[in-house]
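Biologist: Hey, got a minute to walk me through this one? I'm new to it.
Modeller: Sure, let's pull it up.

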Amino acid sequence: MAVAFQVTIDCADPGALAPFWADALGYEIPDPPGDFPTWPDFLRAQGVPEDQTNAASAIEDLDGGGLRVYFQQVPEAKAAKNRVHLDLRFVAPDLEGAERMTALEAKAERLVGAGASRLEGVEPDQLNTGWIVMADPEGNEFCLS
């Protein structure tokens, strides 16, 4: 039997990074439990100190098909290239060559407008279909493919 899992991203500001990734993935930040209007309201009611209300956040595919992504606050800054990264597959697999890269560049431009950085593009060749390396607002690398 397969094991259920979530992806966890270490970051400085979960409250700011979660909305970026929700937009990038078409996910949403789930509503807080009960009748609480906001997560900070819920956390305060649970006795979480004010300085810890941004210690974590999460986003989910509310249709239930995608993995949950959890953001946890860590004290240290990102220091090196990610050992694991997300590949966002925005482009239909039958799109090839320059047309594929044009579609990826359009997605990259939209994500740059949301706070990402474009790091490099890898043009298609005999061995690969091409992709764009990006970084989220905190510098975590991901690819558009």
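**A chat about the model**

Modeller: Let's start with glutamate 50, which is exposed, with a relative accessible area of 51%. Keep in mind that this is a predicted model.

Biologist: Why does glutamate 50 count as exposed?

Modeller: Because its relative accessible area is 51%, and exposed means over 50%.

Biologist: OK, and where is glutamate 50 in the chain?

Modeller: Glutamate 50 sits in the loop between α2 and β2.

Biologist: How far apart in space are glutamate 50 and glycine 121?

Modeller: Their C-alphas are 42 Å apart, and in sequence the two residues are 71 residues apart. For scale, the C-alpha trace of the protein chain spans about 55 × 35 × 35 Å along its principal axes.

Biologist: Let's zoom out. How many helices and strands are there in the protein chain?

Modeller: Three helices and seven strands. Going along the sequence, you meet them in the pattern β-α-α-β-β-β-α-β-β-β.

Biologist: How do the strands get organised?

Modeller: One open sheet has four strands in the order β4-β7-β6-β5, and its pairing is mixed. At its edges are β4 (86–88) and β5 (117–122), each pairing on one side only. On average, neighbouring strands of this sheet are turned by 25° against each other, direction ignored.

Biologist: In what sense do β4 and β7 pair?

Modeller: Parallel, over three bridges. As an example to click on, aspartate 87 has cysteine 143 in β7 as its bridge partner.

Biologist: And which helices go with that sheet?

Modeller: Helix α1 (residues 14–25) lies across β4 and β7, running at about 40° to β4. Helix α3 (residues 97–113) also packs on the sheet, where it touches β5, β6 (131–135) and β7. The direction of α3 makes about 10° with that of β6.

Biologist: What about the other strands?

Modeller: There's an open sheet of three strands in the order β1-β3-β2, again with mixed pairing. Its edge strands are β1 and β2, and each of these pairs on one side only. Here neighbouring strands are turned by 20° against each other on average, direction ignored.

Biologist: Do β2 and β3 pair in the parallel or the antiparallel sense?

Modeller: Antiparallel, over four bridges. In that pairing you can look for serine 57, which stands opposite phenylalanine 71 in β3.

Biologist: Switching topic: pockets. What is the volume of the largest pocket?

Modeller: About 510 Å³. The largest pocket is lined by 23 residues, and those lying nearest its centre are Ile9, Asp10, Lys78, Asn82 and Asn140. The elements giving two or more residues to that lining are β1 (7–11) and β7 (141–144).

Biologist: Which element gives the most to the lining of the largest pocket?

Modeller: That's β1, with five residues.

Biologist: What's the lining like by class?

Modeller: The lining of the largest pocket has 12 nonpolar, four polar and seven charged residues.

Biologist: You mentioned Asn82. Where does asparagine 82 lie?

Modeller: Asparagine 82 is in the loop between β3 (69–73) and β4.

Biologist: Is asparagine 82 buried or exposed?

Modeller: Asparagine 82 is buried, because its relative accessible area is 15% and buried means under 20%.

Biologist: What is asparagine 82 in contact with?

Modeller: Setting aside neighbours within four places in sequence, asparagine 82 is in contact with Asn140 and Glu141. Asn140 is also one of the residues nearest the centre of the largest pocket.

Biologist: How much of the chain is buried, then?

Modeller: Buried residues make up 30% of the 145 residues in the protein chain.

Biologist: And the second largest pocket, what volume does it have?

Modeller: About 340 Å³. Its lining is made up of 15 residues, of which Trp39, Leu43, Ala56, Ser57 and Ala58 lie nearest the centre. The elements that give two or more residues to this lining are α2 (39–45) and β2 (56–59).

Biologist: Wait, is that the serine 57 from before?

Modeller: Yes, serine 57 is the residue opposite phenylalanine 71, and Ser57 is among those nearest the centre of the second largest pocket.

Biologist: How does the lining of the second largest pocket divide by class?

Modeller: Into nine nonpolar, five polar and one charged.

Biologist: Last one: what about contacts along the chain?

Modeller: Taking contacts between residues at least 6 apart in sequence, 58% join residues at least 24 apart.

Terms used. Residues are numbered from 1 along each chain as its sequence is written. This is a predicted model: local features need pLDDT of at least 70, side-chain atom pairs count only at pLDDT 80 or more; totals for chains, interfaces and linings use all residues. Side-chain values use heavy atoms; hydrogens and water are left out. On a 1 Å grid over the protein atoms alone, a cavity is a set of points where a 1.4 Å probe fits but cannot get out, and a pocket is an open set with protein on both sides within 12 Å along at least five of seven lines; lining residues have an atom within 4 Å of a point. Grid points are joined across faces, edges and corners, and a volume is the space filled by probe spheres set on the points. Ala, Val, Leu, Ile, Met, Phe, Trp, Tyr, Cys and Pro count as nonpolar, Asp, Glu, Lys and Arg as charged, and the others, Gly among them, as polar. Two strands pair if DSSP finds at least two bridges between them. Axes are lines fitted to C-alpha atoms, for helices over the stretch in contact, and angles run from 0 to 180 degrees between N-to-C directions. Contact means heavy atoms within 4.5 Å. Buried means under 20% relative accessible area, exposed over 50%, partly exposed in between (1.4 Å probe, protein chains only).
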